[in-house]
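Please open the structure in your viewer and keep the selection tool at hand. The tour proceeds by stops, each with something to select and something to examine.

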Amino acid sequence: MRYDLIIIGAGPAGMTAALYALRAEKSVLLLDSAGYGGQITLSDCVENYPGIANVNGYDLAEGMMAQLRALNVKLENANVTGVEPDGDGYRVLTASDSYEARAVILATGVTHRKLGVPGEEKFLGRGVSFCAVCDGGFFRKKEVAVIGGGNTAVQDALYLAEFCQRVYLIHRREGFRAEERLLEKARNHPNIEFLTNTVVLEMRGEMRLASLLLKNTATDEEHELAVAGAFEAIGSIPQNAAFDQLVPVDGEGYFAVGDDCVTSQKGIFVAGDCRAKKVRQLTTATADGTVAALAAIDYLDGIVQ
Ligand code: NAP
């Protein structure tokens with residue numbers, strides 16, 4: 001079967017794109033290598049999605065998929081290895097199959113870079129988070145750590161310091177990548193303590209994270225720091241390598257595509273965190289899904305070439 005539209009990535013951007021395309025009566029195949037939901041499923045609780053005061057990220061993704069199932073979405077678990085031009089459409093390749101479509105939306109998302117230390121996987125969603133804005137509220141009046149030395153880490157520390165009892169900003173070097181303006185604010189904040197030249201060796205606890213085993217790289221001294229939460233802000237990794245011959249990427253590997261989500265390749269659109277942009281939030285991912293789907297629908301209907 002030749003689909004009208006194949007959407008690669010079933011996170012919030014891809015699922016929103018599917019919702020719009022299915023409602024416009026297009027045939028849609030949604031492909032994802034890891035089920036569906038994307039990064040949002042890692043969030044304990046989402047409190048910044050308009051209209052829903054409080055929802056578990058996994059439940060929110062379930063709700064999005066239930067809405068698509070009611071429209072008879074076709075979802076396949078597949079690791080896409082490439083997209084090739086094929087006549088006036090495209091052939092989407094996976095390790096074991098290939099699928100044809102007139103148009104494709106790349107909604108491949110990003111992966112948060114992880115520390116890769118013992119205990120990290122065990123406490124994901126149980127004290128370890130990649131999103132201070134999403135999960136910070138659960139650590140009110142508690143002691144937490146932010147790991148990283150870029151703008152995200154310092155901004156996260158400043159955000160958390162407004163309601164957490166203490167925020168330890170743990171960075172592996174003495175120098176920071178973050179802007180001086182932000183660093184100055186953090187240095188002057190009474191609730192933020194800088195732990196530089198410090199690396200996390202292990203995350204410890206029973207059911208939830210309780211402490212971090214740290215090492216000072218200048219002195220080689222190790223010590224255990226009691227924290228209820230640890231926010232990793234050590235950068236993101238876009239997952240665009242399989243498509244960078246089709247759509248240009250910027251220096252960090254994000255698709256270099258504007259807010260219209262339209263690429264220079266006819267019939268190829270880009271949506272969500274995989275796109276070069278300043279703000280990566282659930283709301284901006286779903287917004288991109290909408291914009292990309294409407295552009296794809298216009299393309300499929302011959303309204304734009
Ligand atoms: P980033 O700038 O890449 O910083 C990542 C930080 O994590 C670096 O300090 C790095 O340390 C550290 N790190 C990386 N791998 C690590 C590891 N395995 N263990 C420990 N530490 C590790 O990432 P980001 O802060 O997410 O920012 C991404 C981009 O978005 C940047 O261009 C940033 O300027 C931009 N941004 C801008 C704003 C804004 O408001 N202007 C806000 C947020 C982000 P090293 O420094 O030692 O490499």
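How far is an oxygen atom of the ligand from an N or O atom in the side chain of threonine 152? The distance is 2.7 Å. Please keep in mind throughout that this is a predicted model.

**First stop: the ligand and its surroundings**

Leave threonine 152 selected and add glycine 149. Here the contact comes from the backbone: an N or O atom of the glycine 149 backbone lies 3.0 Å from an oxygen atom of the ligand. Next, select glutamine 155, where a polar atom of the side chain is 3.1 Å from a ligand oxygen atom. On its own, the ligand has 900 Å² of accessible area, and the protein covers 70% of this.

Now extend the selection to the whole shell. It consists of 17 residues around the ligand, and the closest are Asn151, Thr152, Arg172, Arg173 and Arg177. If you colour the shell by residue class, you will find 3 nonpolar, 8 polar and 6 charged residues.

**Second stop: a sheet of strands**

Select strands β12, β13 and β14. They form an open sheet in the order β12-β13-β14, and the pairing is antiparallel. Which strands lie at the edges? They are β12, residues 198-205, and β14, residues 222-226, each of which pairs on one side only. From one strand to the next, the twist averages 30°.

Strands of a sheet pair through backbone hydrogen bonds, in either a parallel or an antiparallel manner. For an example, restrict the selection to β12 and β13, the latter covering residues 209-216; these two strands are joined in the antiparallel sense over 7 bridges. Within this region, select valine 199 and look across to lysine 215 of β13, which stands opposite.

**Third stop: two residues with positive phi**

Select glutamate 25 in the loop between α1 (12-23) and β2 (28-32). Its phi is positive, about 65°, although glutamate 25 is not a glycine. Is glutamate 25 buried or exposed? It counts as exposed because its relative accessibility is 72%, and the cut-off for exposed is over 50%.

Finally, move to cysteine 261, located in the loop between β16 (236-238) and β17 (268-270). Cysteine 261 is likewise a residue other than glycine with a positive phi, near 65°. Its surroundings may be judged from its accessibility: cysteine 261 has a relative accessible area of 0% and is therefore buried, the cut-off for buried being under 20%.

How values were computed
Residues numbered from 1 in each chain as written. Predicted model: local features only at pLDDT ≥ 70, side-chain atom pairs only at ≥ 80, totals over all residues. Heavy atoms only, no water. Near = heavy atom within 4 Å. Polar contact = N/O pair within 3.5 Å; in protein donor to acceptor, adjacent residues only side chain to side chain. Areas by Shrake-Rupley, 256 points an atom, 1.4 Å probe, with all protein chains shown as cover. Nonpolar A, V, L, I, M, F, W, Y, C, P; charged D, E, K, R; others polar. Pairing = 2+ DSSP bridges. Helix = DSSP H or I, 4+ residues; strand = E, 2+ residues; numbered from the N terminus. Axes fitted to C-alpha atoms, helices over the stretch in contact; angles between N-to-C directions. Buried < 20%, exposed > 50% of the residue type's maximum accessible area, 1.4 Å probe, protein only.
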